[in-house]
Amino acid sequence: MSAFQKPTTKTPIQIQTVNPTKSDLMDVASLRNNCTSPLQMIENQLRQKQLKSQIPKSQSIFNGMKIGIIVGGAIASITFLNNDGGTSLSEAFQTFLVVTLAVGGMLSINNLSGKNVFVYTEKEAINRLTVDNVPFLKSGDDLGFCVRLSSSSKSTNNERYSGTNGAVACMDGQLRNTSPDYISKYPFASSKQYGRLPSHFHLKNMLVDDQMRRQGIAYQLLDHVEKYVKQNTDADLLTLEVEDSNTGAISLYEKFGFVEGDTMGADRDYGSRFYVTGRTFMIKKI
Ligand SMILES: CC(C)(COP(=O)(O)OP(=O)(O)OC[C@H]1O[C@@H](n2cnc3c(N)ncnc32)[C@H](O)[C@@H]1OP(=O)(O)O)[C@@H](O)C(=O)NCCC(=O)NCCS
């Protein structure tokens, strides 16, 4: 079998640690939000609202009633068929009418009022993105890494990555079971004990945007993180958890040198397959 060739990326990139006090944080959050920044979220909603206001009233009523008819028809049929002849056809029809009018009417009114298009303020959009995508990066409990297109490749991918300022991939990690020196030195060092494992950097939330995959970006990111951890911490291992069904990611990790590892008593924290089925705990000595 031939040895795995370390992939070289076709697109020039640069990798940096995420500074939680700068716009880096929102770039990573936007990347995880399908490359949509808070301002783009607001623009999308305004566009949706505008499109909605262009729908004729009759269409809004028709759309609501259509769902009412489907729900009414389904409930009336189930009552009629499940009742061993106890429900007559006319009773079933009455059920159909009542449900259709109630459900269809409510939905039509809702469609007309347009209340289901809620537009965020910028503060709300930022808050939503932070809570959903970068809470531990913001608090400093995790250290983030971000891959950006280098300026030469930015222009060709301008549109998709305009909301992420060129960010196309990211990953977070936390330093665990480290010595007291590092706990006091780094906010991303956990004070919690994870089994009997030596000091290790636990990787989380690896993502390469789906339009940039299979170009060696994840491999380069892992390489960068490994070097960073070696230089800046006392960690002996990189660790991670991966869904057993995520065969693509497992293949990447194996190629990078990860093997299935012993959680050494930290099963609960790592949700390893010894504790929760369907996930594998992997380690790489560094
Ligand atoms: C898994 C993921 C991070 C891989 O990113 P990527 O940049 O495409 O990976 P790379 O190009 O660096 O892959 C390097 C090698 O890993 C292997 N690999 C990567 N993705 C693979 C896939 N989907 N299927 C099979 N092998 C794969 C290949 O051997 C690849 O080399 P090759 O392209 O020359 O064959 C990306 O698909 C992704 O973001 N997936 C969604 C999120 C996710 O699953 N994250 C992991 C959570 S644990």
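## A tour from the ligand outward

Start at K255: a polar atom of its side chain sits 2.8 Å from an oxygen atom of the ligand. Taken alone, the ligand exposes 910 Å², and the protein buries 74% of that. Keep in mind that this is a predicted model.

**Stop 1: the polar contacts.** Add V208 to the selection. One of its backbone N or O atoms lies 2.8 Å from an oxygen atom of the ligand. Next pick S251. An N or O atom in the S251 side chain is 3.4 Å from a nitrogen atom of the ligand.

**Stop 2: the whole shell.** Now select everything around the ligand. The space it takes is the largest pocket. Four elements each give two or more residues to the shell: β4 (200-208), α9 (217-232), β5 (237-243) and α10 (247-256). Which element gives the largest share? Color α10: 6 residues of the shell come from this helix. In total, 20 residues surround the ligand. The closest are V208, R214, G216, N246 and K255. Color the shell by class and you should see 11 nonpolar, 5 polar and 4 charged residues.

**Stop 3: R214.** Stay at the ligand and center on R214, one of the closest residues. R214 is in the loop between β4 and α9. Check its backbone: phi is near 60°, a positive value in a residue other than glycine. Is R214 buried or exposed? R214 counts as exposed, because its relative accessibility is 83% and the cut-off for exposed is over 50%.

**Stop 4: helix α1.** Leave the ligand and select residues 24-32, which form α1. This helix is mostly covered, with 9 of its 9 residues buried. Charged residues are on that list too: D24, D27 and R32 are among the buried residues of α1. Step on to N34, which follows α1 and has a positive phi, near 55°.

**Stop 5: C35.** Select C35, in the loop between α1 and α2 (38-54). Its phi is positive as well, near 60°, and C35 is not a glycine. C35 has 6% relative accessibility, so this residue counts as buried.

**Stop 6: S60.** Finish in helix α3 (residues 57-82), where S60 has its place. Why does S60 count as buried? Its relative accessibility is 7%, and buried means under 20%. Now add M106 and draw a distance between the two C-alpha atoms. S60 and M106 are 46 residues apart along the chain, and their C-alpha atoms are separated by 11 Å.

Conventions. Residues are numbered from 1 along each chain as its sequence is written. This is a predicted model: local features need pLDDT of at least 70, side-chain atom pairs count only at pLDDT 80 or more; totals for chains, interfaces and linings use all residues. Side-chain values use heavy atoms; hydrogens and water are left out. A residue is near a molecule or strand if one of its heavy atoms lies within 4 Å of it. A polar contact is a pair of N or O atoms within 3.5 Å; within protein, one must be able to donate a hydrogen and the other to accept it, and residues adjacent in sequence count only if both atoms are side-chain atoms. Accessible areas come from the Shrake-Rupley method with a 1.4 Å probe; for residues, only the protein chains shown count as cover. On a 1 Å grid over the protein atoms alone, a cavity is a set of points where a 1.4 Å probe fits but cannot get out, and a pocket is an open set with protein on both sides within 12 Å along at least five of seven lines; lining residues have an atom within 4 Å of a point. A molecule sits in a cavity or pocket if more than half of its atoms lie within 2 Å of its grid points. Buried means under 20% relative accessible area, exposed over 50%, partly exposed in between (1.4 Å probe, protein chains only).
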